[in-house]
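Work through the following exercises with the coordinates open beside you. Each task is followed by a solution that proceeds step by step.

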Amino acid sequence: VDITNRFTRYPEGTIFNRSLRENLYYTFVAVQNRLALFIRGESGTSKTLALLILEQNLSLTVRNEDPYLQQIPGFAPIYIQGSKTLTSREVEEVFEQAQKGEDFVVIFDEMSLASQSPDQPLKLLHRYLELEEGRFPFIGISNEPLDASKMNRLVRLRQEFPTRSELTETCLKICLSAETQNGEELSAYVTELVEICHERITRKECYLRDMYFAMNFLKGKRSAFLTTRDQDDLSDSDDETEMRESQIDYSRLFFHCIQRNFGEQSQSIYHSMARNHPNWSDREHDLGVLDALKQNLTEGQASR
């Protein structure tokens, strides 16, 4: 049974790709069976998002509409935010609180940062995660691995980078909403951008979140890049949809999309795309650093 299909509350625009479904399944099982789970994955592999969705659907303060989930006991999350300044005492206080009730779940974010704290707060895992009585569910997430003495006390889920086809599928689902018509041209450009960026992502020259924010930019801003003639005569008629689609200035659209989301890699990425499109040019499109930053700060999900 795919339990993730039963979650009815999640942030708008959420795409349930493989990594998110795996994270949701593992965290659900860990909470229900009072297990200690460690999820390791690069930024953008839906670790935090999975915990947010789980809390929105199964915490004590909500009532899910799904009949099956209504039979599942709710939980109360207690968060620990890992950092280089986290102390053992702060972690111990959370663990002691978790032992006082059956409903508590400890969620430890950025565990790899906590491992760099001079106070060595992660040593407490050795004691608390091996309890026979008073054991509580524990979910730790991190971009980096921990040492073997800690990881051997946890059920481990390793989220790898998505394959090129998986990333392409997710990106297309983000930028092509159900209302989009005649999106074949945009789909081709997005597929091309994924081809260029996928290897860079695996080398950590740019990140999955850069791609996802870029797709949100394409989804939300495409209509702003219609040609001037088309902007003067917009119509909601389905008969004119294909005409408007063909008049989008994709050169300018993708230049702004890339410039605002890929930082120092933006010029290289855009030029890699432009090689396949002789009519593309960046000379008249450059926003300038200050304008790009200003737009990024004011437009939220449309940029990094």
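The exercises below concern a predicted model, and they go from overall confidence to individual side chains.

**Exercise 1. Confidence and overall make-up**

Task: State what average pLDDT the protein has, and how many helices and strands there are in it.

Solution. Begin with the confidence values: the pLDDT averages 85 over the protein, and 84% of the residues score at least 70. Next, look at residues 228-243, where the pLDDT is below 50, although this stretch has 18 contacts in the model beyond near neighbours in sequence. Then turn to the secondary structure, which consists of 15 helices and 5 strands. Of the 304 residues in the protein, 48% are buried, and the accessible surface comes to about 15800 Å², with carbon and sulfur atoms accounting for 46% of that area. Finally, consider the contacts with a separation of 6 or more, of which 73% join residues 24 or more positions apart.

**Exercise 2. The largest nonpolar core**

Task: Identify which elements give two or more residues to the largest nonpolar core, and find which residues Leu218 touches.

Solution. The general background is that nonpolar side chains tend to be buried together in soluble globular proteins. In this model the largest nonpolar core has 34 residues, and Val190, Leu193, Met211, Met215, Leu218 and Phe254 are those with the most contacts inside it. The elements that contribute two or more residues are helix H8 (164-175), helix H9 (184-202), helix H10 (208-221), helix H13 (250-259) and helix H14 (266-274), and the largest share, 8 residues, comes from H9. Taking Leu218 as a worked case, and leaving aside residues up to four places away in sequence, one finds that Leu218 touches Cys175, Leu186, Val190, Leu253, Phe254 and Cys257. For H14, the buried residues are Ser266, Ile269, Tyr270, Ser272, Met273 and Ala274, and the buried residues of H14 pack against H9 and H13.

**Exercise 3. Cysteines without a partner**

Task: Using the sulfur-to-sulfur cut-off of 2.5 Å, determine how many disulfides the model has, and decide whether Cys197 is buried or exposed.

Solution. A disulfide requires two cysteine sulfur atoms within 2.5 Å, and by this rule the count is 0 disulfides. Cys197 illustrates the outcome, since the nearest cysteine sulfur, that of Cys206, is 4.9 Å away. For Cys257, which is likewise in no disulfide, the nearest cysteine sulfur belongs to Cys175, at 9.1 Å. As for accessibility, Cys197 has 0% relative accessibility and therefore counts as buried, and Cys257, also at 0% relative accessibility, counts as buried.

**Exercise 4. Salt bridges**

Task: Find how many salt bridges the structure holds, and explain why the pair Lys204 and Glu144 ties together parts that are apart in sequence.

Solution. In general, side chains of opposite charge can pair when their charged atoms come close. The structure holds 18 salt bridges. In one of them the side chains of Lys204 and Glu144 meet, with an N to O distance of 4.0 Å. Because Lys204 lies in the loop between H9 and H10, while Glu144 lies in the loop between strand S4 (138-142) and helix H7 (148-151), the pair ties together parts that are 60 residues apart in sequence. Lys204 is partly exposed at 37% relative accessibility, and Glu144 is partly exposed at 35%.

A second case is the salt bridge between Arg164 and Glu195, whose closest N and O atoms are 3.3 Å apart. This pair links distant parts of the chain, with Arg164 in helix H8 and Glu195 in helix H9, 31 residues apart. Arg164 is partly exposed at 33% relative accessibility, as is Glu195 at 44%. To finish, note a network of salt bridges that links Arg89, Glu92, Glu93, Glu96 and Arg127.

**Exercise 5. Positive phi**

Task: Establish where Arg34 and Gln120 are placed.

Solution. Arg34 is not a glycine, yet has a positive phi of about 55 degrees; the residue sits in the loop between helix H1 (18-32) and strand S1 (36-41), and at 23% relative accessibility Arg34 counts as partly exposed. Gln120, again not a glycine, has a positive phi of about 50 degrees. Gln120 belongs to the loop between helix H5 (111-114) and helix H6 (124-128), and is partly exposed, with a relative accessible area of 41%.

Key: Residues are numbered from 1 along each chain as its sequence is written. This is a predicted model: local features need pLDDT of at least 70, side-chain atom pairs count only at pLDDT 80 or more; totals for chains, interfaces and linings use all residues. Side-chain values use heavy atoms; hydrogens and water are left out. Buried means under 20% relative accessible area, exposed over 50%, partly exposed in between (1.4 Å probe, protein chains only). pLDDT is the predictor's confidence in each residue, from 0 to 100. Contact means heavy atoms within 4.5 Å. Helices (H or I, at least four residues) and strands (E, at least two) are DSSP runs, numbered from the N terminus. Accessible areas come from the Shrake-Rupley method with a 1.4 Å probe; for residues, only the protein chains shown count as cover. A nonpolar core is a set of buried Ala, Val, Leu, Ile, Met, Phe, Trp, Tyr and Cys residues joined through side-chain atoms within 4.5 Å.
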